[in-house]
Amino acid sequence: MPDPHAPDVLAFQNVCKTYPGQPRPALDDLTLRVPRGSRMGIIGRSGAGKSTLVRLLSGLDTPDAGELRVRGEVLGPATRAAHQARTGLVFQQFNLLAQRTVLRNVTLPLELRGVPRARRDALAREQLGLVGLGDYAGRYPAQLSGGQKQRVGIARALVTAPDLLLADEATSALDPETSAGILQLLLELQRERDLTLVIVTHQLEVVRAVTTHVAVLEGGQLVESGETGAVLRDPRHTATRALLDAHRPQVTLAPGETLRRVTLPDLTAGTLAALARSGARLVQAEPHPQGVDVWLAAPATEAAPQPGAVPA
Ligand SMILES: Nc1ncnc2c1ncn2[C@@H]1O[C@H](COP(=O)(O)OP(=O)(O)OP(=O)(O)O)[C@@H](O)[C@H]1O
C-alpha cells in the first residue's frame, strides 16, 4: 500500500499548456498530486489532454504556466536531465529500433549514458530475464509478437532503474490476453521496485486491474480524482459516468436463452440501469476477481432455473 504520509512524487500545480495556434488549452489549470509508490491511472476521452500530461511529466515538453514538482523539486532546465534519468517510458507502439537486436534495444539508454559495454550488456540481460525474454536477446523486433515487443519496451524502460514509470496506452495495441500478461508484469515490477506508475489509458479494465488512484480529465481540466475503487463505485462527475457507461457490458440474451452467467465490472446503479435497459433480469450475483459474476435471466422466464442446474 502507498504510504499516505510520503511526499508526493509528482505534483502539478495550476499547470496550463496551449499548443501554438490552438484556440483552447490542452491542459487548463491542472492541479494533481501523485503519491509516491502509487499506481495512478489517467483517463478521459480523446483530446482530454492525457498525452499532453505525459509529455510534461516526462520532461519532453514544458508548461506555459504553473509548476510541476517531481520528488520535491520544480521540474525545469536545471532538474530536467536528472528527472529524465529517473523516469522510464513505455509507449503504445513500443518504439523499438528495427535494425537493433533485442539486447541492443535494451542497452540503448545505457549507451546514451556512457555505461561501459560489459556492464550495460549484463544489466540488459538481467532485465530481459525479468520480463521473460532471457532467450530473445539476439532476435530483432520484427521477429517478436506484440506482447514480446512490449516486454522489450518495459525492459528498456527499467534498465536504468527509474523510480517513476510512465506508460502511455501501453496495452492498447495488444489483444486482451496479451494485455493481461503485460499488466500483470507491470504490477509485479511496480511492487518489487517500489515504482510510482502513471498509466494513461482509455481502457477502463486497465484502470480497474492495475491502478490504486485515478484522475479523470475532460477538456484539459481535472474533473475528478481519488482512489480507484471509490471513483469507480461512486463517480461524481458526468464525464466519469459517461466513461463508465461507455464500458458497461451490453447483455442481450439470444432467443430461447433463459439464463446466462457473465462477469460484470461492478454492480453500481449505472450497471443495474444498463441491465434493466437490456431487459435482462439479475438472478444471482457473487464476487469475482475482476468484478462480479452474475446470473442473468430473460424477462419472459416464468420460473428462472436455479443457477447450479445450468452448465456455465
Ligand atoms: N502537437 C500538437 N499541436 C497542436 N495541438 C495539439 C498537439 N498535441 C495535442 N494537441 C491538442 O491538444 C488537445 C489535447 O490532446 P492530447 O493528445 O493531450 O489528448 P489525449 O487525451 O491524449 O487524446 P487521445 O486519447 O486521442 O490520445 C487536443 O485538442 C489536441 O488536438
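**Figure 1. Overview of the predicted model****.** Of the 312 residues in the protein, 37% are buried. The model is a prediction, not an experimental structure. Its secondary structure comprises 10 helices and 13 strands. The C-alpha trace spans about 75 × 45 × 40 Å along its principal axes. Counting contacts between residues at least 6 apart in sequence, 66% link residues at least 24 apart.

**Figure 2. The annotated span, residues 10-244****.** An unreviewed UniProt entry assigns the feature "domain: ABC transporter" to these residues. Helix accounts for 39% of the span and strand for 25%. The C-alpha atoms at its two ends are 26 Å apart.

**Figure 3. The shell around the ligand****.** Tyr19, Gln22 and Ala26 are among the residues that surround the ligand. The shell also includes Gly44, followed by the run Ser46, Gly47, Ala48, Gly49, Lys50, Ser51 and Thr52. His202 belongs to the shell as well. By class, the surrounding residues are eight polar, three nonpolar and one charged.

**Figure 4. Helix 3 and its packing partners****.** Helix 3 covers residues 102-112. Its buried residues are Val102, Leu103, Asn105, Val106, Thr107 and Pro109. These buried residues pack against two helices: helix 4, residues 117-130, and helix 5, residues 146-158. Just after helix 3 comes glycine 114, with a positive phi of about 75°.

**Figure 5. Strand 13 and its antiparallel partners, strands 11 and 12****.** Strand 13 spans residues 291-297. Six bridges pair it with strand 11, residues 259-264, in the antiparallel sense. In this pairing, valine 262 stands opposite valine 294. Strand 12, residues 281-288, is joined to strand 13 by seven bridges, and these two strands also run antiparallel. Here glutamine 284 faces tryptophan 295 across the pair. In a regular strand, side chains alternate between the two faces of the sheet.

**Figure 6. Alanine 161, a positive phi in a loop****.** Most residues other than glycine have a negative phi. Alanine 161 is not a glycine, yet its phi is positive, about 55°. The residue sits in the loop between helix 5 and strand 7, the latter at residues 164-168. Is alanine 161 buried or exposed? It counts as exposed because 12 C-beta neighbours lie inside 10 Å, and a residue with 12 or fewer is classed that way.

**Figure 7. Glutamate 169, in the loop after strand 7****.** The loop runs between strand 7 and helix 6, residues 176-193. Phi of glutamate 169 is near 50°, a positive value in a residue other than glycine. Its C-beta has 19 neighbours inside 10 Å, so glutamate 169 counts as partly exposed. Burial would require 20 or more.

**Figure 8. Alanine 209 in helix 7****.** Helix 7 covers residues 204-210. Alanine 209 counts as partly exposed because it has 19 C-beta neighbours inside 10 Å. Which distance separates the C-alpha atoms of alanine 209 and leucine 187? The separation is 9.2 Å, for two residues 22 apart along the chain.

Definitions and conventions:
Residues are numbered from 1 along each chain as its sequence is written. This is a predicted model: local features need pLDDT of at least 70, side-chain atom pairs count only at pLDDT 80 or more; totals for chains, interfaces and linings use all residues. Helices (H or I, at least four residues) and strands (E, at least two) are DSSP runs, numbered from the N terminus. Two residues are in contact if their C-beta atoms, placed from the backbone, lie within 7 Å. UniProt positions are given in the numbering used here, feature names are shortened, and annotations may be inferred rather than shown by experiment. A residue is near a molecule or strand if its C-beta atom, placed from the backbone, lies within 6 Å of it. Ala, Val, Leu, Ile, Met, Phe, Trp, Tyr, Cys and Pro count as nonpolar, Asp, Glu, Lys and Arg as charged, and the others, Gly among them, as polar. Two strands pair if DSSP finds at least two bridges between them.
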